[in-house]
Every structure is written in structure tokens, then in C-alpha cells.
Amino acid sequence: MNPFFRISFGKLRAGNGRFTHIPFSQKKADTTWGGKELAEMKTIDELLLDQLEFGAAHPVLRTGFLNIDRKEVLLRRGALTLMTARPGMGKTILSCQIAANVAEEGHRAAILSMEHSAGDMIQVLMRGDSAAVTPGGIWIEDRVCRLELLEALMHDIPEGPDFIVLDRPGAYSYCRDESGGICREAGTIYGKLKEMAETFHAAVLCTEMADRRVDQEEHPMPRICDIPDWEEIEPFVDIVCAFYSPSYYGGTVPGSGAACGGSGAAVVYFRIGPSRDGCVNTLLWQRMGGIGECPHFFDTRDQALSKTR
């Protein structure tokens with residue numbers, strides 16, 4: 001029997017080396033998996049009510065990308081979004097562009113990274129169109145690796161952040177208690193990030209590298225099973241998004257007929273979901289610059305091409 005589905009429908013039970021009959025009236029589902037209790041199944045009415053209540057309590061924050069914002073909700077205040085892709089796809093660049101777009105709308109954005117220096121992220125931001133206009137709306141921190149200290153720094157932002165980007169949460173640690181015990185467990189880290197989202201009523205966007213097995217797929221769009229430590233962090237993640245570009249794999253994806261786009265522009269397949277709002281697929285375009293240039297993202301191929309001329 002598949003160990004994931006351990007719900008007994010009531011015919012036989014092992015006991016004392018023998019199998020005995022269990023009446024349906026006495027059957028009880030074993031809903032434990034991985035040491036935690038699985039959520040109960042809900043009716044359509046209950047799911048729709050949950051969706052409405054979640055939407056009312058977590059207002060939408062726009063990303064500034066029309067192809068994302070008009071398709072599905074990616075960012076919500078008080079919620080945690082996880083973005084995953086293979087290394088080199090542009091997770092940090094895209095998250096910085098979103099932060100710049102959020103700041104351009106008058107919101108306060110914080111970018112936290114232990115993977116990239118503040119100088120690197122400033123270069124990414126200043127080569128975009130938004131941050132050069134609103135540099136005062138973006139805060140950057142690249143030195144603090146303890147989440148409880150980062151949370152304290154967030155209080156220094158006037159009125160608190162509206163949007164927080166955290167690059168690779170696995171690089172951070174969390175102090176469990178006053179005794180100084182250090183924790184690097186993924187579930188604890190994400191639990192603390194979810195608390196930060198709720199405390200500041202901010203949208204939190206985390207980036208994670210997808211497992212390399214994605215590269216072996218015919219259509220290499222990362223799935224939740226390709227996210228490291230997914231079973232530990234799943235209770236704290238509200239929205240998942242993933243993307244890939246055929247240009248990463250030499251120009252085309254076998255069987256899809258998807259080309260790079262040519263002339264310095266590459267198509268990017270972007271998926272939002274699973275989330276409480278649903279799942280949707282959309283497209284972005286990436287400007288393929290020269291050596292040392294950041295491959296920024298755009299809504300259309302024409303926009304990407306106009307930046308390469």
C-alpha cells in the first residue's frame with residue numbers, strides 16, 4: 001500500500017499477527033504524515049469561504065508586471081510567497097525588479113540577501129526603470145544572518161515595510177530563545193518569516209533554488225516537490241510561483257517548439273500556484289544582455305527588444 005494514503009476504508013486490520021474485520025462505523029482515518037497532522041478535507045463551500053476570508057484579510061500588492069497582475073495574485077499583505085527556479089534563471093533579478101515596481105507605487109520595500117552584496121543588488125536595481133526614480137523607497141541589508149536581528153531592523157523603516165524580499169532563506173539562522181540556541185531548521189525559519197509577514201502586514205517573497213532533477217524533465221517547470229524541505233515549510237507558504245526559460249537549456253525545450261525569441265530576447269514561462277487563488281500560467285520576456293549585464297524581465301518581447309537597441 002502506498003504509505004501516503006493510509007486511510008482505512010474498513011475491511012481488514014492487522015492485529016496480533018492476524019487480520020480482523022473492522023466495521024465501517026468504527027473506522028478511523030490515520031491522517032498523520034511525516035510526523036504532522038494532515039489538514040482535513042473540506043467541501044467546496046468551505047473552500048470558497050476560506051478563499052474569500054483570506055482575500056479580505058490579505059490585500060493584494062501589485063508586482064508591476066501586467067502579465068502577472070492581470071492573470072493571478074502573486075503578492076498579498078501578511079502572506080508568504082515562495083519563488084523557485086534553477087540557478088542562473090534570474091530569481092534575484094526578478095524579485096529586485098518587483099521590489100522596484102512596488103517602491104515606484106509609493107510603498108516601502110526591503111531586500112535582504114546573504115547570497116548577493118548590496119552593491120550587486122543596487123546595480124540590478126539601477127539598471128531597471130523604477131528604482132532610479134524611487135531609491136528612497138528601498139532598503140537593502142546584506143550582512144545580518146539572524147532573522148530576529150533582521151526583524152528588529154525592519155522596525156527602523158518608517159511605518160514598517162510593505163514588501164520584503166528574502167533571498168535564499170536557508171542561508172539564515174534563527175535564535176530559538178533567550179538561551180541563544182541557534183536554529184537552522186527550514187520549518188522554523190519559514191515560520192518566523194510568516195510571523196514577520198503578519199507582524200508588519202507585509203507581503204514576503206522568498207526565493208529558493210529548485211532541485212536539479214528539474215533539468216531532466218521534458219518541460220522543466222519546477223513543481224512543489226522540487227523545492228527543498230517542502231514538507232517542513234509548506235504550512236507557512238501561502239503562494240508558490242516558478243519559472244524557467246528555454247534559453248537556459250540551449251534555446252528550445254524538446255517537444256515544445258519554444259524558441260528563445262531571438263534578437264536579444266528570451267521567453268520565460270511563469271507559473272503561479274498552488275495558491276489560495278488558484279493556478280495560472282503566463283509569459284514574461286527576458287532581455288539577454290552582454291557580459292556583465294543583468295537580464296531584466298519584461299511583459300512583452302517588444303519591451304525587451306527596445307531595451308537592447
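Is Arg-213 buried, partly exposed or exposed? At 41% relative accessibility, Arg-213 comes out as partly exposed. Keep in mind that this is a predicted model. The chain averages a pLDDT of 80, with 77% of its residues at 70 or more. Go easy on residues 1–22, where pLDDT stays under 50 and the model has 26 contacts beyond four places in sequence. Residues 24–36 are also below 50, with 21 contacts beyond near neighbours in sequence.

**Charged pairs**

Back to Arg-213: its salt-bridge partner is Asp-226, which counts as buried at 3% relative accessibility. Arg-213 and Asp-226 both sit in the loop between β11 (203–209) and α7, so the pair ties together parts that are 13 residues apart in sequence. There's a network here too, with salt bridges linking Arg-213, Glu-217, Arg-223 and Asp-226.

The whole structure has 12 salt bridges, including these:

| Pair | Closest N to O distance |
|---|---|
| Arg-213 and Asp-226 | 2.8 Å |
| Lys-194 and Asp-238 | 2.5 Å |
| Glu-141 and Arg-143 | 3.2 Å |

Lys-194 and Asp-238 form a salt bridge that links distant parts of the chain, 44 residues apart: Lys-194 is in helix α6, while Asp-238 is in the loop between α7 (230–233) and β12 (239–244). Lys-194 is buried at 12% relative accessibility, and Asp-238 is buried at 11%. As for Glu-141 and Arg-143, Glu-141 is buried at 11%, whereas Arg-143 is exposed at 66%.

**Arg-108**

Now for a charged residue in the loop between α3 and β6: Arg-108. Its relative accessible area is 18%, so Arg-108 counts as buried, the cut-off being under 20%. The Arg-108 side chain reaches the backbone oxygen of Pro-158 at 3.1 Å. Beyond four places in sequence, Arg-108 also touches other residues, among them Gly-137, Trp-139, Glu-159, Asp-162 and Phe-163.

**Nonpolar packing**

The largest nonpolar core has 38 residues, and those touching the most other members are Leu-74, Leu-94, Ile-98, Phe-163, Phe-243 and Phe-270. Helix α3 (residues 91–104) supplies the largest share of this core, 8 residues. Take Leu-94: setting aside neighbours within four places, it contacts Phe-65, Met-83, Phe-243, Phe-270, Leu-284 and Phe-297. Another core of 28 residues lies apart from that one, with Leu-80, Ala-186, Ile-227 and Ile-233 among its members.

Helix α5 (residues 147–154) has Leu-147, Leu-150, Glu-151 and Met-154 as its buried residues. They're on the same side of α5 because they cover an arc of only 100° around the axis. The buried residues of α5 pack against β6 (109–113), β7 (138–141), β8 (163–167), β9 (174–175) and α6 (186–200).

Methods: Residues are numbered from 1 along each chain as its sequence is written. Side-chain values use heavy atoms; hydrogens and water are left out. A nonpolar core is a set of buried Ala, Val, Leu, Ile, Met, Phe, Trp, Tyr and Cys residues joined through side-chain atoms within 4.5 Å. Buried means under 20% relative accessible area, exposed over 50%, partly exposed in between (1.4 Å probe, protein chains only). Helices (H or I, at least four residues) and strands (E, at least two) are DSSP runs, numbered from the N terminus. Contact means heavy atoms within 4.5 Å. The arc is that of the directions from the helix axis to the C-beta atoms. A polar contact is a pair of N or O atoms within 3.5 Å; within protein, one must be able to donate a hydrogen and the other to accept it, and residues adjacent in sequence count only if both atoms are side-chain atoms. pLDDT is the predictor's confidence in each residue, from 0 to 100. A salt bridge is a side-chain nitrogen of Lys or Arg within 4 Å of a carboxyl oxygen of Asp or Glu.
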